[in-house]
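Welcome, and thanks for taking a look at this one. Here is a short briefing to read alongside the structure.

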2 protein chains.
Amino acid sequence: MNTTVNAMETRQLKELAQQLRVDSVRAADAAGSGHPTSSMSAADLMAVLLAKHLRYDFERPQHHGNDRFILSKGHASPLLYAAYRAAGAISEAELLTFRRLGSRLEGHPTPRRLPWVETATGSLGQGLPVAVGIALAGKRLDHTGYRVWVLCGDSELAEGSVWEGAEHAGYEHLDNLVAIIDVNRLGQRGPTRHGHDLDAYARRFQAFGWHTVEIDGHDVDAIDRAYAEAESTAGQPTVIIARTLKGKGVESVQDREGLHGKPLPDAEAAIAELGGVRNLHVEVQQPPPARVLHAVRSGHLELPRYDTGDKVATRDAYGQALAALGTARGDVVALDGEVGDSTRTELFAKEHPDRFFECYIAEQQLVATAVGMAARDWVPYATTFAAFLTRAHDFIRMAAISGSGINLVGSHAGVSIGQDGPSQMALEDLAMFRALYGTTVLYPCDANQTAKLVATMADREGIRYLRTSRGDTPVIYSPTEEFPVGGSKVLRASDEDRLTLVAAGVTLHEALAAAESLDREGIQARVIDLYSVKPVDRDTLREAAEQTGCLVTVEDHREEGGIGDAVLDAFLDGRPVPRLVRLAVRTMPGSATPAEQLHAAGIDAESIAAAARLLVETAIVR
Amino acid sequence: MNTTVNAMETRQLKELAQQLRVDSVRAADAAGSGHPTSSMSAADLMAVLLAKHLRYDFERPQHHGNDRFILSKGHASPLLYAAYRAAGAISEAELLTFRRLGSRLEGHPTPRRLPWVETATGSLGQGLPVAVGIALAGKRLDHTGYRVWVLCGDSELAEGSVWEGAEHAGYEHLDNLVAIIDVNRLGQRGPTRHGHDLDAYARRFQAFGWHTVEIDGHDVDAIDRAYAEAESTAGQPTVIIARTLKGKGVESVQDREGLHGKPLPDAEAAIAELGGVRNLHVEVQQPPPARVLHAVRSGHLELPRYDTGDKVATRDAYGQALAALGTARGDVVALDGEVGDSTRTELFAKEHPDRFFECYIAEQQLVATAVGMAARDWVPYATTFAAFLTRAHDFIRMAAISGSGINLVGSHAGVSIGQDGPSQMALEDLAMFRALYGTTVLYPCDANQTAKLVATMADREGIRYLRTSRGDTPVIYSPTEEFPVGGSKVLRASDEDRLTLVAAGVTLHEALAAAESLDREGIQARVIDLYSVKPVDRDTLREAAEQTGCLVTVEDHREEGGIGDAVLDAFLDGRPVPRLVRLAVRTMPGSATPAEQLHAAGIDAESIAAAARLLVETAIVR
């Protein structure tokens, strides 16, 4: 409120905003595609932020004192890249590589290619939730005083995920978070729901506990005052709701429909109308010195140990191992989707309350918080029922595009949960996670294996997914056994093997029982525990195929995209493919006991043995 | 406000509520699992609704005048089933089959098994959005005056999807919608964010344009007045925010933590404390006579026709075919995620504005609206970029559990969209849809094929998914060609074929070009257009495998869960499996032209030909 802007500053800020507009127009024109009009509406907002409020060292993007900026309306990437140019981070020549093969300047920004980008955007309504995650890390973990700025479009406020994030930020009193809404009135196909009714947005944010400021988004002095007001607001996040015009500054496109995502029809005339090309350079404020001690409490890892023969649910082992990992590593944090008693994340919460985050029943925010914390170098484990991770599929997809290093853990996998019925059963989670780029997919069958995998996954690149089960299963491995990612365990093998059973998780125990039963009939079956579903242990599977001739895969999951398909990955390079029968859940389950469910789905020991018998008799099973 | 309740009525309503509590306790006790305490908090709310406000004919659940009731907090199913018993819809004996194998009374209710259930619940935050869809159908399509009642938990208000739905309902002035929030203060693992702060919820709903009423949820007279107030409120949806106690009525569990999802420890004592078993019967109000003419304007279908050799994007053909289908069928409605100009749904909007629904950038509500309208026998086509359908994965999963008949159409599939980059590219959509129960997955390569499939999918059971492409592709089929679901087209075949190329959509054209090029080298390749990805044409694939020995699959999708895996479905019953090479997108794309993208991903004609050459030389390709 008390910041004063003198006439010179005002003039310079306006000039800078015009430069950002001109450069947005130029970039899109060079590319032949892109979103200049969506960039032009927010140019004044960006200019004032860059020149007067952002504290950021472009030479040291990992500096712990840096403010964080997220362009939630990722399609306005020309504006972001124009700002990078003004800050001296990229050259004019690079600006004009926009959207070309090999350029770092993609249609929508990604941290995979640009060091100053916190998270990939382009799927709307995700920037704010991730900003909430970073701001939460700032308040409760990093304590270095940085501020998180997020520039949103007005159209994307229709996404529920924005309100999920708004609720979380308000509840957590994140006064280090500033959302800037570029209310340019026009979405892709036409007017938004609320047009230029700034109050409509203000009422909503206020209801969720935010401080709101409504301004003319083309008045640089008003913008400057609003940012200062946000900086001085304590105990609440601030949202600046700015009335703007799409395509501002060029009469032929300004505030007009039908011009979303298109270069300007006459770029040269537009640039002239905007006052021509400029070469202003902005000295962005440096951040204060700052240090974060992510692993200050790191020590020796003492994983829980289970006795073979005991019966322990893998979800229990998960909770115990996570708590132990939290003791050994100060950089591990745990996030819960309000089911921590079921997933056993509560065991971490009890031991490390300062690194435990309750995200309530809000799976998109759960994953966004993980992405935000990973961007700040924390090692998050976000856990809920595996079925409900589908709620965050698009967030996980974008996290994969970001190259975000997050651990996602889904409990209550499969029909074997029993009575609760299909809404609570994850039957498509392996398919979802396997199909995403660069993921690791792990599915343990016993407690010691779970504990080891919980520790191992922490240091993988990209998204790591661990699938746990509700019911108790026998401990079959010693606590000293190792389980490398990409490996498998051959639990039965002989020279007489006539087929191989491949399973993981609960069905591994069914497969072992089936092999026993087949053995009594004189049929030797190899059994492979495929705990690493992706990457898969190609060598062991190929050897089994060569030696035993045919395979039966069995999984508590739909037949598409799970363990059966993972096994086939070993054979899809043109080599001979073994005969294979895939046992999986093909029905729509109802309520029943776990044993009844496994039987009804045809994935219990009896069903496996029946399929194996038919297969070795060379009959066709389906 | 003006409804009067006399003393007798009040006493009876209280008795009925106690009966619902007792029956909830009994059902969970018989099952040995379930959520009685979550049922007990809402028993008074349910009793008053059933006895005094709901208009419903249990003998005729499809009656067009029936009010609709959705139990969004689906885990409170004992309460629902207790209400069914009180209404005479199920017997006491059936009530006690709760959660047993073969019972209709599942842990969470589904319309697949119970005719009075509108939509499957159990994944929280979905009941309200689906109710919004039904209420919208009521206001704008059915016009029969029914009201939609939805009972929500307080925990689930953390889900962004609730606010996506609240925004939609407020904007559409759905005064035929009543949400009842059972604010029992306790979630699964502990207190909710706002506890018993009813105002916190009221502020939020008011901001989204709702009329709010705050009451004591155990005061049957107050409940009755609130329902009457909702019924007399015009121009706005109403939310009744009711302060309740979890486990109300049984001292040992009432308002206590740690008792979620568990039968009462001493059911007999609890029943006694609640006044014992009762056998009250409720005569539920009958609905008024009503008729809906879904297909009043039905006529002859004149699909668009395209000339072979022309270049037309399948998204264009989709929009044109959908508009034509809307002309022929009065029951077809179109829903847009604010990208109708890109997906071409706008062509339907122009011709049939009364059956077009803009859902804005809110994919969960988009799918929920489709589910709601399908529940009212409309035939919805909900369309957005295929990548953004991942945002609604959990809603689609629940729709599959419901057995909902909806058409989902995703445009801009794959890397071939070009410059916009990975956030806009659907690369996992086939995997997502294939893994869901009972889905149909279609992926056309030309305009005439698209038009036919758009019409065909309307009459399938379950979820039908159509994948369209951004760029123009040559028309290769005549307008008279038929494309049955589960079929395929063999576009090249000879006795000399040494391998088979299997493709669909954009890569089909690349496969044809590769076959031409191989032909010039003396290698004959069969080419199959696998437009029906699920179900897949097993016979044709098996014949091709037998006759040509090996297969190359090629798809603009990740390698997991797409066309390659669909092809293998034909061989996973133990029969010999052909040698196979799967070409798919294994990289993380950036921005580039469509042709550059196809080449970089190794799925263009050149890459296909190279893989084919290696395969016929029996080398291993990967």
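Let's start with one tryptophan: leaving aside residues up to four places away in sequence, B:Trp210 touches B:Leu128, B:Ala166, B:Ala169, B:Gly170, B:Leu177, B:Ala179, B:Phe205, B:Gln236, B:Pro237, B:Thr238 and B:Val239. Please keep in mind that this is a predicted model.

**Nonpolar core**
- B:Trp210 also belongs to the largest nonpolar core, which has 178 residues.
- Which residues touch the most other members of that core? They are A:Leu177, A:Trp210, B:Leu177 and B:Trp210.
- B:Leu177 is thus named twice here, as it is also among the residues that B:Trp210 touches.
- As general background, nonpolar side chains tend to be buried together in soluble globular proteins.

**Where chain A meets chain B**
- Each chain brings 109 residues to the contact: 109 from chain A and 109 from chain B.
- Between them, chain A and chain B bury about 9300 Å², with 51% of it on carbon and sulfur atoms.
- On the chain A side, A:Arg189, A:Arg193 and A:Arg391 lose the most area to chain B, and together they make up 10% of what that side buries.

**Polar and charged pairing across the interface**
- There are 16 salt bridges between chain A and chain B.
- A:Arg391 is worth a second look, since its side chain meets that of B:Glu159 in a salt bridge, at 3.7 Å from N to O.
- The side of chain A that touches chain B divides into 42 nonpolar, 31 polar and 36 charged residues.
- Polar contacts across this interface come to 62 residue pairs, with both residues at pLDDT 80 or more.

**Cysteines**
- How many disulfides does a search of the whole structure find? The search finds zero over all chains.
- B:Cys445 counts as buried because its relative accessibility is 1%, under the 20% cut-off.
- B:Cys550 is buried as well, with a relative accessible area of 3%.

Notes:
Residues are numbered from 1 along each chain as its sequence is written. Chains are lettered from A and ligands numbered from 1 in the order in which they are written. This is a predicted model: local features need pLDDT of at least 70, side-chain atom pairs count only at pLDDT 80 or more; totals for chains, interfaces and linings use all residues. Side-chain values use heavy atoms; hydrogens and water are left out. A disulfide is a pair of cysteine sulfur atoms within 2.5 Å. Buried means under 20% relative accessible area, exposed over 50%, partly exposed in between (1.4 Å probe, protein chains only). Contact means heavy atoms within 4.5 Å. Buried area is the accessible area (1.4 Å probe) that two parts lose on being put together, summed over both. A salt bridge is a side-chain nitrogen of Lys or Arg within 4 Å of a carboxyl oxygen of Asp or Glu. A polar contact is a pair of N or O atoms within 3.5 Å; within protein, one must be able to donate a hydrogen and the other to accept it, and residues adjacent in sequence count only if both atoms are side-chain atoms. Ala, Val, Leu, Ile, Met, Phe, Trp, Tyr, Cys and Pro count as nonpolar, Asp, Glu, Lys and Arg as charged, and the others, Gly among them, as polar. A nonpolar core is a set of buried Ala, Val, Leu, Ile, Met, Phe, Trp, Tyr and Cys residues joined through side-chain atoms within 4.5 Å.
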